[in-house]
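Work through the following exercises with the coordinates loaded, and attempt each task before reading its solution.

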Amino acid sequence: QVQLVESGGGLVQPGGSLRLSCAASVINFSTYNMGWYRQAPGKQRELVATMTRGGVTNYTDSVKGRFTISRDNAKNTVYLQMNSLKPEDTAVYYCNADRRPYYSGRDYYTAQNYWGQGTQVTVSS
């Protein structure tokens with residue numbers, strides 16, 4: 001069974017830092033695009049940061065310059081380093097693994113999409 005397990009959330013003061021981790025049990029981790037999303041009470045889930053299987057990153061404007069997404073394919077893990085945290089960053093953060101169908105030589109990789117259970121991040125004084 002495929003599993004994505006987030007960790008590293010917690011309560012932090014404004015201006016503080018946290019590093020979230022997402023450990024994936026998926027086979028062929030390197031074939032997936034990875035991302036972090038968040039959802040605050042009463043709001044829709046939004047994209048925070050993504051990294052394609054090729055290493056291209058994308059961030060929502062509100063976190064640019066403060067957050068950094070990275071991945072370690074050898075450890076099947078994706079990270080989100082969050083600095084200069086603000087109260088508006090408070091939300092449940094979800095890890096996502098997404099794959100578009102594609103061929104690599106004679107290998108064919110099917111479309112897949114998985115979500116973790118989420119980890120709470122609270123920024124408050």
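Contact, as used throughout these exercises, means heavy atoms within 4.5 Å. The structure is a predicted model, in which local features need pLDDT of at least 70 and side-chain atom pairs count only at pLDDT 80 or more, while totals for chains, interfaces and linings use all residues. Residues are numbered from 1 along each chain as its sequence is written, and side-chain values use heavy atoms, with hydrogens and water left out.

**Exercise 1. The overall fold**

Task: Establish which secondary-structure elements the protein has, and compare its radius of gyration with that of a compact globule.

Solution: Begin with the DSSP runs, where helices (H or I) need at least four residues and strands (E) at least two, numbered from the N terminus. On this basis the protein has 13 strands and zero helices. Next, take the radius of gyration over C-alpha atoms, and obtain the globule value as 2.2 Å times the number of residues to the power 0.38. For 125 residues a compact globule would have a radius near 14 Å, and the 15 Å of the protein agrees with this. The C-alpha atoms fill a box of roughly 55 × 30 × 30 Å along the principal axes. Finally, consider the contacts between residues at least 6 apart in sequence, of which 56% join residues at least 24 apart.

**Exercise 2. The surroundings of N33**

Task: Locate N33 in its strand, and list its contacts beyond four places in sequence.

Solution: N33 belongs to strand β4, which covers residues 33-39. Once neighbours within four places in sequence are set aside, N33 is in contact with M51, T52, R53, R71, N96, A97, D98 and R100. For R53 in this list, the atoms can be specified further, since the side chain of N33 reaches the backbone nitrogen of R53 at 2.9 Å.

**Exercise 3. Two side chains with polar partners**

Task: Decide whether D89 is buried or exposed, do likewise for Q112, and find a polar partner for the side chain of D89 and for that of Q112.

Solution: Buried means under 20% relative accessible area, exposed over 50% and partly exposed in between, with a 1.4 Å probe and protein chains only. D89, in the loop between β8 (77-82) and β9 (91-99), is buried because its relative accessible area is 1%. A polar contact is a pair of N or O atoms within 3.5 Å; within protein, one must be able to donate a hydrogen and the other to accept it, and residues adjacent in sequence count only if both atoms are side-chain atoms. Such a contact, of 3.0 Å, joins the side chains of D89 and R38. The contacts of D89 beyond four places in sequence also include R66, F67, V121 and V123.

Q112, in strand β12 (residues 112-115), is partly exposed because its relative accessible area is 27%. Its side chain makes a polar contact of 3.0 Å with the side chain of Y114. D98 is 14 residues from Q112 in sequence, with 5.7 Å between their C-alpha atoms.

**Exercise 4. Positive phi angles**

Task: Find what value phi takes at N76 and at S84, and place both residues.

Solution: Most residues other than glycine have a negative phi. N76, however, has a positive phi near 50°, and S84 likewise has a positive phi, of about 50°. N76 is in the loop between β7 (67-72) and β8, whereas S84 is in the loop between β8 and β9. The relative accessible area of N76 is 22%, so N76 is partly exposed, and S84 also counts as partly exposed, at 42%.
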